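Here are my notes for your first look at this model. Keep the structure open beside you and check each point as you go.

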Amino acid sequence: LRMSRLDSVIRRLTSQKLALEWAADIIRHLDGAVLELGLGNGRTYDHLREMLPDRDIYVFEREIAAHPDCIPEKSFQYLGDFRDSLPFAHQVMGANSVLAHLDIGTGEKQVSMQLAEQIAPLVLDLMKDRAIIISDQEIEGWSYMLIQPLESIPKDRIFIYQVAKK
């Protein structure tokens, strides 16, 4: 069944919003930081900031190109390749994050999936047990952590994981 690109983006953004709002409620009682991988224009960062105003939110991005109102202070930015910035963040923060949003799709499915698998262990190093990770890419190595908490989110559109440290 073909879907217009407009319908597809609306479905993706609606799914993302529902997942983030659900996750914000789940982690509200947990202490820890929030991670935004892929700042882009800053819309999701801005939404996280509104939902979790007292939370430290760290962004990871190759280079900042967001709307000026949606750029965090430099001390909350990790710039460069995720494969470099995530291990550095781990040295600084340890495993102290309770929510991560991975919006890392490049538009090329294979490249995006490969990147997701490469950074998955690096993201996990930053997360507390029971933390929530929302990703635009499916991460096969995390299949044991995949949850489907909301029927309103179409399957295979947004992937939600609950961290289970072994």
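Which residue in β2 is the bridge partner of L37? Find the pair before you read on.

1. **The L37 pair.** The partner is F60. Keep in mind that this is a predicted model. The two strands involved, β1 and β2, run parallel and are joined by four bridges. To get from β1 to β2, the chain passes through helix α2, residues 43–51. This β-α-β crossover is right-handed.

2. **The other neighbour of β2.** Strand β3 covers residues 77–79. Three bridges pair β3 with β2, again in the parallel sense. Look for V59, whose bridge partner in β3 is Q77.

3. **The whole sheet.** Seven strands make up an open sheet. Their order is β3-β2-β1-β4-β5-β7-β6, and the pairing is mixed. At the edges stand β3 and β6 (146–147). Each of these has a single partner strand, so one side of each is left without a neighbour in the sheet.

4. **Is β2 buried or exposed?** Five of its five residues are buried, so β2 is largely enclosed by the rest of the structure. Check the directions too. I57, V59 and E61 point one way from the strand. Y58 and F60 point the other way. Note that E61 is among the buried residues.

5. **The largest nonpolar core.** In soluble globular proteins, nonpolar side chains tend to be buried together. Here the largest nonpolar core has 30 residues. L37, F60, V123 and I133 touch the most other members. The elements that give two or more residues to this core are β1 (33–37), β2 (57–61), α3 (82–93), β4 (97–102), α4 (109–124), β5 (127–135) and β7 (159–162). Helix α4 gives the most, with seven residues. Another core lies apart from this one. That second core has 24 residues, including A23, Y45, I134 and I153.

6. **L37 up close.** What does L37 touch, leaving out residues up to four places away in sequence? The contacts are F60, F82, L86, H101, L102, D103, I104, I119 and V123. So F60 appears twice in the story of L37: as its bridge partner in β2, and in this contact list.

7. **The largest pocket.** Rolling a probe the size of a water molecule over the atoms shows where empty space is left. The largest pocket has a volume of about 910 Å³. It is lined by 33 residues. Closest to the centre of the pocket are R12, D103, G105, D136 and R157. Elements that give two or more residues to the lining are α1 (5–27), α2 and α4. Helix α1 gives the most, with eight residues.

8. **S112.** This residue sits in helix α4. Is S112 buried or exposed? S112 has a relative accessible area of 2%. The cut-off for buried is under 20%, so S112 counts as buried. Beyond residues up to four places away in sequence, S112 touches I104, G105, T106, G107 and Q137.

9. **R130.** One backbone angle deserves a look. R130 has a positive phi of about 80 degrees, although R130 is not a glycine. Its place is in strand β5.

Methods
Residues are numbered from 1 along each chain as its sequence is written. This is a predicted model: local features need pLDDT of at least 70, side-chain atom pairs count only at pLDDT 80 or more; totals for chains, interfaces and linings use all residues. Side-chain values use heavy atoms; hydrogens and water are left out. A nonpolar core is a set of buried Ala, Val, Leu, Ile, Met, Phe, Trp, Tyr and Cys residues joined through side-chain atoms within 4.5 Å. Buried means under 20% relative accessible area, exposed over 50%, partly exposed in between (1.4 Å probe, protein chains only). Contact means heavy atoms within 4.5 Å. Two strands pair if DSSP finds at least two bridges between them. A crossover is right-handed if, with the strands pointing away from the viewer, the path from the first strand over the helix to the second runs clockwise. On a 1 Å grid over the protein atoms alone, a cavity is a set of points where a 1.4 Å probe fits but cannot get out, and a pocket is an open set with protein on both sides within 12 Å along at least five of seven lines; lining residues have an atom within 4 Å of a point. Grid points are joined across faces, edges and corners, and a volume is the space filled by probe spheres set on the points.
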